[in-house]
Amino acid sequence: MRIDGVFSGGGVKAYAFIGVMKRIEEKGLAFERVAGTSAGAIIASLLAARYSYHDIRTLMEELDLKNLLDPPVITKWLPFTKWLFLYFQLGINKGNKLEEWIGEKLAVKHIYTFKDIHPGYLKVIVSDISLGKLVVIPDDLERIYGIPPEHFPVATAIRMSAGFPYFFMPKKLSGKNKAKSLMVDGGLLSNFPLWVFGEDHNKRKRPVLGVKLSAASLHLKPRKIKTALAMFHALFLTMIEAHDSRYVSMSQANNIIFIPVENLESTDFTIDNDIKNKLIQAGYEQTSRFLKSWSR
């Protein structure tokens, strides 16, 4: 049976999605259309490229997250300069390595631009902080920026969606009047875009299954905020958790897999294999519980 899937953001916590995919495949289900924000967009793009659970697990196990970090070289010799880049370039890491990694994996499946994906089968959520807009790529490219979606690189869209503010430098996108917009993490405006496949429930060709990473309430701890940067970080994380909560509470909860995760920072690229395996197991167990009662 084929289903549509929507994946939330969550940074490194998205390893839990691997466990979800394993149980989904075991159940004889397969994803058709997919959408996602940030790390969820990465997973969605691999599924849209028709990678299997085993393929994606292998890719993620071979990946050293630290290799995705690419601060300007000078910061290795003069560490204090990272604050200059944060101030003038609005981020610490360039994000080029992240985009290159995604591009390489998609190229293996002959996916380069959105013309290589069946129309409507991949939707990526991005925040345009220059225009103050939530952007769905590829749907909004022509209307807002005058860019033909068939020529737009999928890897660039994913890099934009995963551009955690201050951690990665914003990606620039030229619009119709040649003014450049700053594109950042889609989680700023919608971390769980379940609405993106919002057709009338009675007219849907397939069930829509949402997968949402959420903080385990018993493990939430007050954040210590002593600097402006810490306050900015806390504000962004609060927005990510709160933005879609109202919609989720009003939507069909029986179509959402909620995966509680421990108090883990989304940008902790130093997590070890033990933590990764725990996240994978948590995704698998929550999906198993969910599927026992899912009415589709």
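The exercises below work through a predicted model of one protein.

**Exercise 1. The overall picture**

Task: State how many helices and strands the protein has, and what share of its residues count as buried.

Solution:
- Step 1. Count the elements: there are 11 helices and 10 strands.
- Step 2. Turn to burial. Of the 296 residues, 53% count as buried.
- Step 3. Look at the surface. The accessible area comes to about 14,600 Å², and carbon and sulfur atoms hold 56% of it.
- Step 4. Check the range of the contacts. Take those between residues at least 6 apart in sequence; 77% of them join residues at least 24 apart.

**Exercise 2. The two sides of α3**

Task: Find which residues of helix α3 are buried and explain why they lie on the same side.

Solution:
- Step 1. Helix α3 spans residues 53-62, and its buried residues are Tyr53, Ile56, Leu59 and Met60.
- Step 2. These four cover an arc of only 130° around the axis, so they sit on the same side of α3.
- Step 3. Go to the other side of α3: His54, Glu61 and Glu62 are exposed there.
- Step 4. Ask what covers the buried residues of α3. The cover includes α1 (16-26), α2 (39-48) and α6 (96-108).

**Exercise 3. Helix α2 and the core**

Task: Decide whether α2 is largely enclosed or largely open, then name the residues with the most contacts inside the largest nonpolar core.

Solution:
- Step 1. In α2, 10 of the 10 residues are buried, so the helix is largely enclosed by the rest of the structure. Among them are Ala39, Ile42, Ile43, Leu46 and Leu47.
- Step 2. Move past the helix end. Arginine 50 follows α2 and has a positive phi, near 70°.
- Step 3. Now the core. The largest nonpolar core has 75 residues, and Phe7, Leu122, Val124, Ile137 and Phe152 have the most contacts inside it. Helix α2 gives the most to this core, with eight residues.
- Step 4. A second, separate core has 10 residues, including Ala35, Val136, Phe192 and Val208.
- Step 5. Take phenylalanine 7 as a case. Beyond its neighbours within four places in sequence, its contacts include Gly40, Ile43, Ala44 and Leu47. Others among them are Phe17, Phe31, Pro193 and Val211.

**Exercise 4. Two residues compared**

Task: Place threonine 37 and leucine 69 in the structure, and classify each as buried, partly exposed or exposed.

Solution:
- Step 1. Threonine 37 belongs to strand β2 (residues 30-37).
- Step 2. Its relative accessible area is 0%; buried means under 20%, so threonine 37 is buried.
- Step 3. List its contacts beyond four places in sequence. They include Phe7, Ile125, Ser161, Asp185 and Asn191.
- Step 4. Leucine 69 lies in the loop between α3 and α4 (74-77).
- Step 5. Its relative accessible area is 26%, which makes leucine 69 partly exposed.
- Step 6. Leaving out residues up to four places away, leucine 69 touches Asn93, Lys97, Phe167 and Phe269.
- Step 7. Compare sequence and space. Leucine 69 and lysine 94 are 25 residues apart in sequence, and their C-alpha atoms are 7.9 Å apart.

**Exercise 5. A hairpin**

Task: Describe how β7 and β8 pair, and find the residue with a positive phi in their hairpin.

Solution:
- Step 1. Strands β7 (residues 171-174) and β8 (residues 180-185) pair in the antiparallel sense, over four bridges.
- Step 2. Find a facing pair: serine 174 stands opposite lysine 180 in β8.
- Step 3. Inspect the turn. Five residues lie between the strands, and lysine 178 takes a positive phi near 70°.

Methods
Residues are numbered from 1 along each chain as its sequence is written. This is a predicted model: local features need pLDDT of at least 70, side-chain atom pairs count only at pLDDT 80 or more; totals for chains, interfaces and linings use all residues. Side-chain values use heavy atoms; hydrogens and water are left out. Buried means under 20% relative accessible area, exposed over 50%, partly exposed in between (1.4 Å probe, protein chains only). Helices (H or I, at least four residues) and strands (E, at least two) are DSSP runs, numbered from the N terminus. The arc is that of the directions from the helix axis to the C-beta atoms. Contact means heavy atoms within 4.5 Å. Accessible areas come from the Shrake-Rupley method with a 1.4 Å probe; for residues, only the protein chains shown count as cover. Two strands pair if DSSP finds at least two bridges between them. A nonpolar core is a set of buried Ala, Val, Leu, Ile, Met, Phe, Trp, Tyr and Cys residues joined through side-chain atoms within 4.5 Å.
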